[in-house]
Protein chains: 4
Amino acid sequence: VDPALKEANLRHLRRIEGQVRGIAAMVGSDRYCADIITQIAAVRESLHSVARNLMRNHLQHCAASAMAAEGEARRDMVDELLDLVGKIAR
Amino acid sequence: VDPALKEANLRHLRRIEGQVRGIAAMVGSDRYCADIITQIAAVRESLHSVARNLMRNHLQHCAASAMAAEGEARRDMVDELLDLVGKIAR
Amino acid sequence: VDPALKEANLRHLRRIEGQVRGIAAMVGSDRYCADIITQIAAVRESLHSVARNLMRNHLQHCAASAMAAEGEARRDMVDELLDLVGKIAR
Amino acid sequence: VDPALKEANLRHLRRIEGQVRGIAAMVGSDRYCADIITQIAAVRESLHSVARNLMRNHLQHCAASAMAAEGEARRDMVDELLDLVGKIAR
């Protein structure tokens, strides 16, 4: 993994952890449901963007050599990628 | 908000906070991208389920009286609900 | 249902039907996969927007009276709405 | 493209075209909004599955050689794949 990307992801995840704590505080103090749902949507979006960064890295580095191979290695990687696409899509 | 639901949401969010820390640890120790993406998808799913619980509470309690009204109050609530549906859908 | 909204939805659906035929023609003439996937995404987005129009109408008209009621009628409507939110979210 | 997959996709798309016509008929005869939304969700799901089939084919055939290359060709393909993942995710 590119060290700059890794550092960016870690920073991103620390901020997300703080946001999740913030959501718990909103729930604890009975804030308006719609505001909490909005905040949850923002955190889900942030997590999605970390997943996209990892997916880019995965395609660029891990997947590339398996895709270059023929036969089973490529087929397994295609299955894994489709599985990841399905997970990211949800 | 129903106290039992509130407690369940808080427990859920504490677990999610721990999972986010776990994802950061996975990134920090260069774990396989596909495994990290899978874990991120699980946390997004957990957040989605908290959002759904809040949406149920919102519809059952906050939205109901506005929906019962005629005219602008109802229209505003419908706009808010559609906005929330869009946020949850992402 | 508001007649103008109904007419707009029917127009929208006729265009979508034509787009689906267009996608079949793309598949039939072996067009580049990425272009076909892009076109499928556009049609899914159009269908989503028809569903949102119907959801607005549903909330504004059908759901409002059930939400105004207390007890089981409201609970059933909340369940139905959450079910629809889940379907739209997918 | 594998001829069997192409035939399956064409069959699938013809059925989807019929389903879209069916939804228009439901709208035309003022059927219950929730039933129409459910039907729209089913068609969107069917389109998603055609897109997944095409994505599998794309990864297996078109993407593989670009991924095997180094430098710009691979980078462009990774960008295209990420773009497609984003489109499928919506």
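A helix here is a DSSP run of H or I covering at least four residues, with numbering from the N terminus. With that in hand, select C:K87, which sits in helix 3 (residues 72-89) of chain C. Keep in mind that this is a predicted model.

**Stop 1: C:K87**

Show what surrounds C:K87. Setting aside neighbours within four places in sequence, C:K87 is in contact with D:T38 and D:A41. Now add C:A51 to the selection: it lies 36 residues from C:K87 along the chain, and the two C-alpha atoms are separated by 9.9 Å.

**Stop 2: helix 1 of chain C and helix 1 of chain D**

Next, select residues 3-28 in chain C and in chain D; each stretch is helix 1 of its chain. How far apart are their axes, and at what angle do the helices pack? The axes are 9 Å apart and the angle is about 170 degrees. Helix 1 of chain C and helix 1 of chain D are therefore roughly antiparallel to each other, since angles over 145 degrees count that way.

Turn on side chains to see who takes part. From helix 1 of chain C the contact includes C:L10, C:L13, C:I16 and C:V20, and from helix 1 of chain D it includes D:L10, D:L13, D:I16 and D:V20. Colour this contact by class and you will find 14 nonpolar, four polar and six charged residues.

**Stop 3: helix 1 of chain A and helix 1 of chain B**

Move over to the other two chains and select helix 1 in each. The axes of helix 1 of chain A and helix 1 (residues 3-28) of chain B come within 9 Å, crossing at roughly 170 degrees. That makes helix 1 of chain A roughly antiparallel to helix 1 of chain B. Among the residues that meet here are A:K6, A:N9, A:A24 and A:V27 on one helix and B:K6, B:N9, B:A24 and B:V27 on the other. The contact of these two helices divides into 14 nonpolar, four polar and six charged residues.

While you are in helix 1 of chain A, pick out A:E17 and A:R21. They form a salt bridge, with the closest N and O atoms 3.3 Å apart. Why are these two side by side on the helix? A:E17 and A:R21 are four residues apart in helix 1 of chain A, so about one helical turn separates them. Side chains of opposite charge can pair when their charged atoms come close. Over all chains, the count comes to 24 salt bridges.

**Stop 4: the whole interface of chain A and chain B**

Zoom out and select the full interface. Here 40 residues of chain A are in contact with 40 residues of chain B. The two chains bury about 3600 Å² between them, 73% of it on carbon and sulfur atoms. Highlight A:C33, A:I37 and A:R44: they supply 18% of the area that chain A buries against chain B, more than any other three residues.

For the polar side of the story, the interface of chain A and chain B holds four salt bridges. Select B:D30 and A:K6, whose side chains meet in a salt bridge (3.1 Å, N to O). Eleven residue pairs are in polar contact across this interface.

Which helix of chain A gives the most to the side that touches chain B? It is helix 2, with 19 residues. By class, this side of chain A has 25 nonpolar, six polar and nine charged residues.

**Stop 5: the interface of chain D and chain A**

Now select chain D with chain A. The contact takes 19 residues from each of these chains, and the area buried is about 1900 Å², with carbon and sulfur atoms giving 66%. D:L59, D:Q60 and D:L82 supply 29% of the area that chain D buries against chain A, more than any other three residues.

Two salt bridges cross this interface. To see one of them, select D:D79 and A:R56, whose side chains meet at 2.7 Å, N to O. Six residue pairs are in polar contact across the interface of chain D and chain A. Helix 3 of chain D gives the most to the side of chain D that touches chain A, with ten residues. That side divides into twelve nonpolar, two polar and five charged residues.

**Last stop: the pairs that do not touch**

Finally, select chain A with chain C. These two do not touch, and their nearest C-alpha atoms are 7 Å apart. Chain B and chain D do not touch either, with their nearest C-alpha atoms 7 Å apart.

Key
Residues numbered from 1 in each chain as written. Chains lettered and ligands numbered in written order. Predicted model: local features only at pLDDT ≥ 70, side-chain atom pairs only at ≥ 80, totals over all residues. Heavy atoms only, no water. Contact = heavy atoms within 4.5 Å. Buried area = accessible area lost by both parts, 1.4 Å probe. Polar contact = N/O pair within 3.5 Å; in protein donor to acceptor, adjacent residues only side chain to side chain. Nonpolar A, V, L, I, M, F, W, Y, C, P; charged D, E, K, R; others polar. Axes fitted to C-alpha atoms, helices over the stretch in contact; angles between N-to-C directions. Parallel < 35°, antiparallel > 145°, perpendicular 65-115°, else oblique.
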